[in-house]
Amino acid sequence: MLELPEAVTLEHQFRDTLVGKTIARAVAGAAPHGFAFYAGEPETYGALLAHRTITGAASRGGMPEIWAGDVRVCFTDGVNVRYLAPGDARPAKHQLLLDFDDGSAVCCTVAMYGGLWAFPAGQFDNPYYRVAGEKPSPLSDAFDRAYFASLADEAGGRASAKAFLATQQRIPGLGNGVLQDILWRSHVHPKRRLETLAADDLAALYASVRTTLADMTAAGGRATEKDLYGDPGGYAPVLSRLTDGLPCPACGTPIVHLAYLGGRVYVCAGCQPLP
């Protein structure tokens, strides 16, 4: 699923690969999907996007965005965005296809659920999109210790570490995927309540948010996810579905998974004890 490191990676790849190309044709909803969400009706995307030139890109939390002049095309987690070079075959099924005038294309598919939002800039009042643009990125200087402390205060002492970091869109782009290594590096169990964390624990958690996300982003995203060209990212998570049951590289304790807060979390009981 797209989270902050993958969104930033796609932003850079959009700029490197798509800027200057002109959309010859846009097709949305060709393969109906009950959990593919559009901004307005997909039938309007053709007229909205055709003949527009790609002028830039951005990322808002975990949502990468293409700029086609004064129109934005934004993707949420759950959307697979792939570049097709001139001559590459188009998949038979897709939820959004942008054909460019040089024969290349961007093809988007949704597996479980995802947003493929195309809209005039400034005319989309989705709360997730708005909040993601308003809050500071953990990769920015504005995401400092004081700001992090204010988020912890907002969550409240009885909130768990997972609930604090990965729910309520407190930190847009920080979801259940990147959460695992953030908590492992700071030696905090996902179920541990904030009220049990000492000042040093909170400092370690803040530092891990910053450094783990920076490392994932610098590596082009996580190895469990794929980029614009279909290649996996360069960051190999310590805790993920791929390491479930393997010994922790730090202490040798087997990594286990738990169902918690609507998703699966991975834990090393040796490095992340519950008090």
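Let's start with E134, which is exposed in this predicted model, with a relative accessible area of 57%. E134 forms a salt bridge with R130, and the closest N and O atoms are 4.0 Å apart. Why can these two meet? They sit 4 residues apart in helix α3, residues 127-134, so about one helical turn separates them. R130 itself is partly exposed, at 34% relative accessible area.

How many salt bridges does the structure hold? There are 12, so let me show you a couple more. R170 pairs with E154, with 3.3 Å between the closest N and O atoms. This pair links distant parts of the chain: R170 is in the loop between α5 and α6, while E154 belongs to helix α4, 16 residues away. And is R170 buried or exposed? At 9% relative accessibility, R170 counts as buried.

Next, please find D215 and R185, whose side chains meet at 3.0 Å, N to O. D215 lies in helix α7 and R185 in helix α6, so their salt bridge ties together parts that are 30 residues apart in sequence. Salt bridges with shared partners also join R25, R90 and D99 into one network.

Now to the strands. Four of them make an open, antiparallel sheet in the order β1-β7-β8-β6. At the edges are β1 and β6, each pairing on one side only. From one strand to the next, the twist averages 10 degrees. Between β6 and β8 there are 6 bridges, and V79 has V110 in β8 as its bridge partner.

Last stop, the surface: M1, F35, F37, M112 and Y113 form a nonpolar patch with about 530 Å² of accessible area together. M112 lies in the loop between β8 and β9 and is exposed, at 63%. Thanks, everyone!

Terms used
Residues numbered from 1 in each chain as written. Predicted model: local features only at pLDDT ≥ 70, side-chain atom pairs only at ≥ 80, totals over all residues. Heavy atoms only, no water. Patch = residues over 30% accessible without salt bridge, like charges linked within 9 Å, V, L, I, M, F, W, Y side chains within 5 Å. Areas by Shrake-Rupley, 256 points an atom, 1.4 Å probe, with all protein chains shown as cover. Helix = DSSP H or I, 4+ residues; strand = E, 2+ residues; numbered from the N terminus. Buried < 20%, exposed > 50% of the residue type's maximum accessible area, 1.4 Å probe, protein only. Pairing = 2+ DSSP bridges. Axes fitted to C-alpha atoms, helices over the stretch in contact; angles between N-to-C directions.
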